[in-house]
Structures are given as C-alpha cells and as structure tokens.
Amino acid sequence: TPLRSFPSSRSALFDIAISGPGVAMLASLAMVVLGLRLTMTAQSFTYFPVVPAALMKSSFLIGSIASIVFPKVMLAPLSQPIPIHGLFLVGLAGLFSSSVNLLPIGRLDGGRASMAAYGRRSASLISLLSLLLLAFYSFNGVSGIIIFWGALVVLTQQRLADIPVRNEVTEISGLRVAIYNTLLVLSLLTLAPFPGGVSSM
C-alpha cells in the first residue's frame, strides 16, 4: 500500500509498517495451532478439507509446530491425503502472506520496518541482498512459494524505495528493533522448507 503522506519519524513509520503484518502473523500462528488441535480431537472428518501430507513440510515453521502438536501427521508419506481442519488452512495462508510482507524489501511493510530500524542506507543494502537471495532460491528451485512471491514483488514494483520520512535521524527504540527482528526470523522460518519436504510445494 503506497504511503500518501510523509511519516513524521522512523518510529511512526515502523508502527505503521509492522502493525498489520505483525498482528496477522501472530493471529495466523494461533489459527495454525488451533486447527491442528481441532483436527486431533475431531470425532469425524467428513467435512474437513483434504490436503497432501507434503503441505506440512512446505514450511520449516509449520513442520516444527506440527511435529510438536500433531507428530503423527509428520510420519505420513508426502503424497498421502490427510484431512485437516479448515482453520489450519486459513492460518497457513495468512502466515505465508504475512511472512512475505515482512521481508526487508523496498515498499513491503518489512522494507519500511527495516528502513525505520536500520536507516535508509543499510535498508537499501539489505533489500538488495534479499532480492538476490530470492533470485538464488528461485533459480535453484528450493521453494515454489518463494518463486511465486519473488516474482510478485518484482512485477508490482514493491522492490523500489519508499517516500522519505520527515525525521530520518532519530533512531527507533531497541524494543521496536527486537520486535522486527523476531518477526523477520519467524517469516524466514515460514518461507524455508522443512527437511524432507518437497521443494516444488
């Protein structure tokens, strides 16, 4: 979403950028865990969506959560269809979209948060390195999800720099930086494939 006015400070830019995807990621994580729990305790799977077991290994974070909450499903062959509560799929979709949005690239919310946390010059370098990393993963076929979202970032010009902040000198608090770094790690764990999964997911 393009900014229509100049943020007053880096802290204001950070709060604008991180509030949406941050809350969405935490809510999505809660839905993923609850969806797995509801699947485990369900008496009937008649109305549950059926997905391949490989979906559980399309993300390192999802695979790790499933290994703790619902370990039995991680033992299934990748091609085996498994019933899963719809809440899990809603959370999964939200988790992937939030994770991509939190990447430190250009006009993505993650790029804005990165600029607020580290300054424009450092954020530009981080954005470039992130784009190169996306390209590397795309050409090596590590994850189809990364290929799709990487292409979307490039085609929609989200890689470009954002409008300046009126006060780019005053740094944000250490707490804000810690929050961003934590969310960034969660997003990277979400986009990274789980060992033993299929890279074409």
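These legends accompany a set of close-up views of a predicted model.

**Figure 1. An overview of the protein chain and its seven helices and two strands.** Before we zoom in, here is the whole chain. Following the sequence, the elements come in the order α-β-α-β-α-α-α-α-α. The protein chain has 201 residues, and 43% of them are buried.

**Figure 2. Helix α1 packed against helix α3.** Two packed helices are described by the angle between their axes and the distance between the axes. Here the partners are α1, spanning residues 10–41, and α3, spanning residues 86–101. Their axes lie 7 Å apart, at an angle of about 150°. An angle over 145 degrees counts as roughly antiparallel, so α1 and α3 are roughly antiparallel to each other. As for handedness, the crossing of α1 past α3 is left-handed.

**Figure 3. Helix α3 again, this time with helix α7.** Stay with α3 and look at its meeting with α7, which covers residues 174–191. The two axes come within 9 Å of each other and cross at roughly 120°. That angle makes α3 oblique to α7. Here, too, we have a left-handed crossing, now between α3 and α7.

**Figure 4. A salt bridge between Asp-15 and Arg-176.** The model has two salt bridges, and this view shows the one in which Asp-15 meets Arg-176, with 3.0 Å between the closest N and O atoms. The pair ties together distant parts of the chain: Asp-15 belongs to helix α1 and Arg-176 to helix α7, 161 residues apart. How exposed is each partner, in relative accessible area? Asp-15 is partly exposed, at 34% relative accessibility. Arg-176 is also partly exposed, with a relative accessible area of 24%.

**Figure 5. Helix α4 and the salt bridge it holds.** Helix α4 runs over residues 109–118, and nine of its 10 residues are buried, so this helix is largely enclosed by the rest of the structure. Among the buried residues are Gly-110, Gly-111, Ala-113, Ser-114 and Met-115. Within this helix, Asp-109 forms a salt bridge with Arg-112, whose closest N and O atoms are 3.7 Å apart. The two residues sit three positions apart in α4, so about one helical turn separates Asp-109 from Arg-112. Are these two partners buried or exposed? Both Asp-109 and Arg-112 are buried. Let your eye travel on to the residue just after the helix: Gly-119 takes a positive phi of about 95°.

**Figure 6. Gly-63 in helix α2, with Leu-189.** Helix α2 takes in residues 60–69, and Gly-63 is one of them. With a relative accessible area of 0%, Gly-63 is buried, since buried means under 20%. Leu-189 is 126 residues away from Gly-63 along the chain, yet 10.0 Å separates their C-alpha atoms.

**Figure 7. A nonpolar patch on the surface, made by four leucines.** We finish on the outside of the model. Leu-125, Leu-128, Leu-129 and Leu-132 form the patch, and together they have about 400 Å² of accessible area. One of them, Leu-132, lies in helix α5, which spans residues 120–140. The relative accessible area of Leu-132 is 51%. Exposed means over 50%, so Leu-132 counts as exposed.

Conventions. Residues numbered from 1 in each chain as written. Predicted model: local features only at pLDDT ≥ 70, side-chain atom pairs only at ≥ 80, totals over all residues. Heavy atoms only, no water. Patch = residues over 30% accessible without salt bridge, like charges linked within 9 Å, V, L, I, M, F, W, Y side chains within 5 Å. Areas by Shrake-Rupley, 256 points an atom, 1.4 Å probe, with all protein chains shown as cover. Salt bridge = Lys/Arg side-chain N within 4 Å of Asp/Glu carboxyl O. Helix = DSSP H or I, 4+ residues; strand = E, 2+ residues; numbered from the N terminus. Buried < 20%, exposed > 50% of the residue type's maximum accessible area, 1.4 Å probe, protein only. Axes fitted to C-alpha atoms, helices over the stretch in contact; angles between N-to-C directions. Parallel < 35°, antiparallel > 145°, perpendicular 65-115°, else oblique. Left-handed = near helix turned anticlockwise from the far one by under 90°.
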